[in-house]
Amino acid sequence: MKNVLVIGSTGQIGSELTMKLRKVYHQGTIVAGYIPGAEPKGELLESGPSEIVNVTSAHTIAEAVDKYDIDTIYNLAALLSATAERKPLMAWDIQMNGLLNILEIAREKHCAVFTPSSIGSFGPDTPRDNTPQDTIQRPTSMYGVTKVATELLSDYYYHKYGVDTRSVRFPGLISYTTLPGGGTTDYAVEIYYAAVKGETFICPIAEGTYMDMMYMPDALKAAVEIMEADPRYLHHRNSFNIASMSFDPEEVYEAIKKEIPGFKMKYQIDPVRQAIADSWPNRMDDTCARKEWGWNPSYNLKSMTRDMIKHLREKLGYSQESK
Ligand code: AKB
């Protein structure tokens, strides 16, 4: 039986991961941790317990862990890359002081911890194509600095104290349930909403800018499978490259146009997001994740595009004829 605390349960990943964990571990208790102002609603609220858990207040984490006899913590509290550039001190506080609080509680109370890293943990000196698992990590954004430090601190707690920390480097995540916010890869979600609504998409990222992307069902699968993996085969822990597709704005635009031929896109580059995107890899090599715990994604650009459009049409109430 598993008792899991999901911190940041109402965000883009958390809202879907919490529901998936409640299905996978239906005999356990999956607690939706949230901060005031981001309360769970609907199925997320009704299908299991929820608690106020603020990573910067250690006692709120400890209380939830004690109350529900938690054995695994998914730590999804973070400011994404573009927001972290605007609020670097807040990003440090949430991502680093918050992580330290979680790791200390995990050490005392014997919890496993998943804290995602990102393609943002790499920088301009990193090899851009087939970015290796173990390579140069000198990011130039505050988000990236906190992600590298997250990887190091998580490994430190594993080696020094035996805390079962594991993690993946998420690409940009694409989903239709909860919008991301403040990320560099957000355009790859927003473009689908514009297409389904029949609006012209104003793209903030330049043509030719390739980044790793992933459809949410694959990201959720990775988050569950890495924590279920047999530790004897984990040579790496924090954090594994995982990849499924890489595209630039033109490629995703063309994929959508195959489904919605009248769709239009224009460019208006956001210099902050573009500078971050230019410092990230084009495509990561995920051989280690495949070898050490059997990582194997299901979606490519074409199958994701069809699924996104279908679900967004249902969600937003647009008929298939709206081309
Ligand atoms: C962001 O764009 O900041 C995130 C990420 C790639 O980690 N989506």
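**Domain arrangement, helix α12 and selected residues**

In the predicted model, the domain assignment divides the chain into domain 1, made of residues 3-171 and 216-241, and domain 2, made of residues 172-213, 245-283 and 298-316. The contact between them takes 30 residues from domain 1 and 29 residues from domain 2. The centres of domain 1 and domain 2, taken over C-alpha atoms, are 24 Å apart.

The size of an interface is often given as the accessible area lost when the parts come together. For domain 1 and domain 2 this buried area is about 2,300 Å², with 55% of it on carbon and sulfur atoms. On the side of domain 1 that touches domain 2, at least two residues each are supplied by α1 (14-24), α4 (81-86), β7 (129-131) and α8 (216-228). Helix α8 gives the largest share of that side, five residues. Between domain 1 and domain 2, 19 residue pairs are in polar contact, while the count of salt bridges is zero.

Helix α12 covers residues 301-316, a run of 16 residues. From its first C-alpha to its last, α12 reaches 21 Å, close to the 22 Å expected at 1.5 Å a residue. At the start of α12, a side-chain oxygen of asparagine 300 comes to within 3.2 Å of the backbone nitrogen of lysine 302. After the helix comes glycine 317, with a positive phi near 75°.

The buried residues of α12 are Leu301, Met304, Thr305, Asp307, Met308, Ile309, His311, Leu312 and Arg313. An α-helix has 3.6 residues a turn, so residues three or four places apart point the same way. The buried residues of α12 pack against three strands, β10 (172-174), β12 (211-215) and β14 (245-247), and against two helices, α7 (187-197) and α9 (249-259).

Two buried residues with polar side-chain contacts were examined in turn. Histidine 236 is placed in the loop between α8 and β13 (240-241). With a relative accessible area of 12%, histidine 236 counts as buried because this value is under 20%. Its side chain makes a polar contact of 2.8 Å with the side chain of aspartate 134, and another of 2.7 Å with the side chain of glutamate 292. When neighbours within four places in sequence are left aside, histidine 236 is in contact with Gln133, Asp134, Cys288 and Glu292.

Arginine 169 is part of strand β9, residues 168-170. Its relative accessibility is 2%, so arginine 169 is likewise buried. The side chain of arginine 169 makes polar contacts with the side chain of glutamate 151, at 2.8 Å, and with the side chain of asparagine 241, at 2.7 Å.

The backbone was also examined. Most residues other than glycine have a negative phi, and most peptide bonds are trans. The peptide bond from asparagine 238 to serine 239 is cis, with omega near 25°. Serine 239 belongs to the loop between α8 and β13, where histidine 236 is also placed.

Aspartate 69 is not a glycine, yet its phi is positive, about 55°. This residue is found in the loop between α3 (58-68) and β4 (72-75). Aspartate 69 is exposed, because its relative accessible area of 58% is over 50%. A positive phi, near 50°, is also found for asparagine 130, a residue other than glycine. Asparagine 130 is in strand β7, one of the elements that supply residues to the side of domain 1 touching domain 2.

Note on methods
Residues are numbered from 1 along each chain as its sequence is written. This is a predicted model: local features need pLDDT of at least 70, side-chain atom pairs count only at pLDDT 80 or more; totals for chains, interfaces and linings use all residues. Side-chain values use heavy atoms; hydrogens and water are left out. Helices (H or I, at least four residues) and strands (E, at least two) are DSSP runs, numbered from the N terminus. The expected span of a helix is 1.5 Å times one less than its number of residues. Buried means under 20% relative accessible area, exposed over 50%, partly exposed in between (1.4 Å probe, protein chains only). Contact means heavy atoms within 4.5 Å. A polar contact is a pair of N or O atoms within 3.5 Å; within protein, one must be able to donate a hydrogen and the other to accept it, and residues adjacent in sequence count only if both atoms are side-chain atoms. Domain bounds come from an automatic or database domain assignment. Buried area is the accessible area (1.4 Å probe) that two parts lose on being put together, summed over both. A salt bridge is a side-chain nitrogen of Lys or Arg within 4 Å of a carboxyl oxygen of Asp or Glu.
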